[in-house]
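Hi,

Here is the structure I promised to pass on. Have a look at it first, and then read on for what turned up when I went through it.

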Amino acid sequence: MDTLDGFAGSIGNTPLIRLNSLSEATGCEILGKAEFMSAGGSVKDRAALWMIQCAEARGDLQPGGTVVEGTAGNTGIGLVHVCNARGYKTVIYMPDNQSREKVDLLNTLGAEVRVVKTVPYKDEMNYQKQAGRFAASIDGAIWANQFDNTDNALAHYESTGPEIWRQTDGRVDAFVSASGTGGTIAGTSNFLKEQNADIQIVLADCMGSALHSWATTGEPVMSAGGSITEGIGNSRITDNQAQARVDDALQVDDQAMVDMVYNLLRTEGLFLGSSAGINLCGAVETARRLGPGHTIVTMLCDGGSKYQSRLYNLDFLASKGLTAPER
Ligand code: PMP
């Protein structure tokens, strides 16, 4: 029998999909890791599983315990699935600027969701800091702390990186990734660089984030503009991000991302979220920089269904000065 071991067994090992239209347009092989096919629906299932397994292994998380996290959504979704499967309670703090679908989904899955005012990280009422304080205040609880808990990057070092290496038979020239906590780009870049230090690691950043500046100048200075993307961009260098080995960085504006995801839906049938759109714009730009004949891998971090009220809502786009491309 060819079976997987429960929810945890169905995380990772996602297919690597050739983006035909982008590959043909650039003369490169542009390949996307189909994280939207993971059991909980996103790249963050990997981080959730590793953070819980590592906490169990350290003895920090005991049967019947509680996992608390501050999350824009996908890590919370991954955590609730994993916690349900292992008998833990889940409490999720999230900022109030996130899509309604993610709040509803977390509630449906069984998390206790606390939506709090969106304030900068330096503010003591920031959602991550509230999550940390709450976890410290109750017995048997852990704070997953995806931003600075490097078990997050370890997930990608032990799963995403090896999968990409295996799926491309080691023939990968560049890995392009947006970054939120930094877990994906840190873990994957370290694994790939250990196999072949020439593999180019490119950070694709949304506007209004400090990661492009950090990667190109060493100083995390926020760029002008803003972004409707969710789960990516950051104003600070987390412990996960600090481990990343980045060669190059580029910025992608929201209109380019919107054009990308709508065109892919129409021409390839792939229904993707905004960070996947940033990644694919970054992959196309990387193909232009490297020239034809290269293999470029990126992450299709999640699917579009959580974003129907925002990215896939024309009125919402118009309110942000964005338009869907003509059919
Ligand atoms: N895309 C989506 C949809 C996400 O939810 C996240 C996580 N915040 C990312 C990309 C970024 O991944 P990471 O946290 O590993 O940098």
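Let me start with strand 10, residues 295-300: six of its six residues are buried, so the strand is mostly covered. Bear in mind throughout that this is a predicted model, so please treat everything below as computed from it.

Strand 10 has a parallel neighbour in strand 2 (residues 29-34), and six bridges hold that pairing. If you want a place to click, go to Glu29, whose bridge partner in strand 10 is Thr295. Strand 7 (174-177) also runs parallel to strand 10, joined to it by three bridges. In that pairing, Val176 stands opposite Thr298 of strand 10.

Now for strand 7 itself. Which of its residues are buried on each side? Ala174 and Val176 are buried on one side, and Phe175 and Ser177 are buried on the other, which leaves both faces of the strand covered. The back-and-forth pattern is what you would expect, because side chains in a regular strand alternate between the two faces of the sheet.

Besides strand 10, strand 7 pairs with strand 8 (residues 200-206), again in parallel, through four bridges. Ser177 stands opposite Leu203 of strand 8 there. The connection between these two strands goes by way of helix 8 (residues 183-195), and strand 7, helix 8 and strand 8 together form a right-handed β-α-β unit.

There is another crossover of this kind to look at. Strand 4 (residues 89-95) pairs with strand 5 (residues 112-116) in the parallel sense, with five bridges between them. Between strand 4 and strand 5 the chain passes through helix 5 (residues 100-109), and this β-α-β crossover is right-handed. Pro95 takes part in the pairing, with Val116 of strand 5 as its bridge partner.

On to the ligand, which is probably what you will open first. The shell around it has 14 residues, and those that come nearest are Gly180, Thr181, Thr184, Gly231 and Ser275. By type, the shell divides into three nonpolar, nine polar and two charged residues. These are the polar distances I would look at:

- Thr184 uses its side chain: an N or O atom there is 2.6 Å from an oxygen atom of the ligand.
- Gly180 uses its backbone, with an N or O atom 2.7 Å from a ligand oxygen.
- Gly231 also uses its backbone, where a polar atom lies 2.7 Å from a nitrogen atom of the ligand.

How much of the ligand does the protein bury? On its own the ligand exposes 400 Å², and the protein buries 95% of that.

Just past strand 8, have a look at Ser209, in the loop that leads to helix 9 (211-217). Ser209 counts as buried because its relative accessibility is 1%, and the cut-off for buried is under 20%. Its side chain makes a polar contact of 2.9 Å with the side chain of Asp205. The side chain of Ser209 also reaches the backbone nitrogen of Leu211, at 3.2 Å.

Two residues caught my eye on backbone angles. Asn145 is not a glycine, yet it has a positive phi of about 55°. You will find Asn145 in the loop between strand 6 (141-143) and helix 7 (151-167). The other is Asp169, again not a glycine, with a positive phi near 50°. Asp169 sits in the loop between helix 7 and strand 7.

Are these two buried or exposed? Asn145 has a relative accessibility of 16%, so it counts as buried. Asp169, at 58%, counts as exposed, because exposed means over 50%.

One last item is a long-range pair. Met260 belongs to helix 11 (residues 254-268) and is buried, with a relative accessible area of 12%. Met260 and Pro325 are 65 residues apart in sequence, while their C-alpha atoms are 8.9 Å apart in space.

That is what I have for now. Shout if anything is unclear when you load it.

Cheers

Methods
Residues are numbered from 1 along each chain as its sequence is written. This is a predicted model: local features need pLDDT of at least 70, side-chain atom pairs count only at pLDDT 80 or more; totals for chains, interfaces and linings use all residues. Side-chain values use heavy atoms; hydrogens and water are left out. Two strands pair if DSSP finds at least two bridges between them. A crossover is right-handed if, with the strands pointing away from the viewer, the path from the first strand over the helix to the second runs clockwise. A residue is near a molecule or strand if one of its heavy atoms lies within 4 Å of it. A polar contact is a pair of N or O atoms within 3.5 Å; within protein, one must be able to donate a hydrogen and the other to accept it, and residues adjacent in sequence count only if both atoms are side-chain atoms. Accessible areas come from the Shrake-Rupley method with a 1.4 Å probe; for residues, only the protein chains shown count as cover. Ala, Val, Leu, Ile, Met, Phe, Trp, Tyr, Cys and Pro count as nonpolar, Asp, Glu, Lys and Arg as charged, and the others, Gly among them, as polar. Buried means under 20% relative accessible area, exposed over 50%, partly exposed in between (1.4 Å probe, protein chains only).
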